[in-house]
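User: Please take a close look at a single part of this model. I am a first-year student, so go step by step. Start with one element and show me how its surroundings fit together.

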Amino acid sequence: MLNFNPKNILVPVDLSEFAEKHIMCAKSIAKVYEAKLFIYHVIENLEAAIGYVPSLSTDQIDQIDLNIRKEAENYFTHIKNKFFNDFNDVTMYIEKGVVFRKIIEFASKNKIDLIVIGTHGKSKLENIVFGSTTEKILRLSKQPILILKE
């Protein structure tokens, strides 16, 4: 019999309205198991995501990254104020890189016992060509994954 008792739960977020549902689900699980909650956003590496970007300078790419980081910080402040007045064992992280790789690395490094993630995101064509982030994490992660449909 499987002994499921997560103590570290990871919720990768994309700053969408759907991510709030994932956070609330993970928070409920964390409360039941008295687990620590990690909310994690990865700023996609533009060069890796779309290849060489000839029309953008390094400074412009850095400014885009800075703007996305500020948006993520504002989102985290909003989430903390809205959902975590009654739950203190939550930590929020922002990093830059290839999203699925960073999530898998973070999960391994932080001894994550459960990943709570959604299925929405890219268009059908992008999924066919590139595969979804959730699908890649499902295939490559060693941690149990709870996938929430939108």
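Analyst:
**A helix and its surroundings**

Helix α3 has 26 residues. From its first C-alpha to its last it reaches 37 Å, close to the 38 Å expected at 1.5 Å a residue. Keep in mind that this is a predicted model.

Which residues of α3 are buried? They are Ile61, Asp65, Ala72, Tyr75, Phe76, Ile79 and Phe83. One rule helps when you look at such a list. An α-helix has 3.6 residues a turn, so residues three or four places apart point the same way.

Now follow two of those residues outward. Ala72 and Phe76 are buried in α3, and both are in contact with His41. His41 sits in strand β2. Is His41 buried or exposed? His41 is buried, because its relative accessible area is 6% and the cut-off for buried is under 20%.

What else does His41 touch, leaving aside its neighbours within four places in sequence? Its contacts include Ile68, Tyr93, Ile94 and Glu95. Val13, Asp14 and Leu15 are on the list too. The side chain of His41 reaches the backbone oxygen of Val13 at 2.8 Å. Leu15 is 26 residues from His41 along the chain, yet their C-alpha atoms are separated by 7.7 Å.

Next comes a second helix, α1, which covers residues 17-33. Helix α1 has 17 residues and reaches 26 Å from first C-alpha to last. The expected value is 24 Å, so the two are close. At its start, a side-chain oxygen of Ser16 comes to within 3.3 Å of the backbone nitrogen of Phe18. Just after α1, Glu34 takes a positive phi of about 50°.

Helix α1 has buried residues too. Ala19, Glu20, His22 and Ile23 are among them. Ala26, Lys27, Ile29 and Ala30 are also buried. What covers them? The cover includes α3, so our starting helix takes part. It also includes strands β1, β2, β4 and β5.

Look at β4 in more detail. Five of its five residues are buried, so β4 is largely enclosed by the rest of the structure. Leu114, Val116 and Gly118 point one way, and Ile115 and Ile117 point the other way. Strand β4 has parallel partners. Two bridges join it to β1, where Ile9 is the bridge partner of Leu114. Four bridges pair β4 with β5. There, Gly118 stands opposite Leu148.

Finally, step back to the whole protein. It has six helices and five strands. From the N terminus on, they run β-α-β-α-α-β-α-β-α-α-β. Of its 150 residues, 41% count as buried. Among contacts between residues at least 6 apart in sequence, 79% join residues at least 24 apart. The protein exposes about 9,100 Å², and carbon and sulfur atoms supply 54% of that area.

Key: Residues numbered from 1 in each chain as written. Predicted model: local features only at pLDDT ≥ 70, side-chain atom pairs only at ≥ 80, totals over all residues. Heavy atoms only, no water. Buried < 20%, exposed > 50% of the residue type's maximum accessible area, 1.4 Å probe, protein only. Contact = heavy atoms within 4.5 Å. Polar contact = N/O pair within 3.5 Å; in protein donor to acceptor, adjacent residues only side chain to side chain. Areas by Shrake-Rupley, 256 points an atom, 1.4 Å probe, with all protein chains shown as cover. Pairing = 2+ DSSP bridges.
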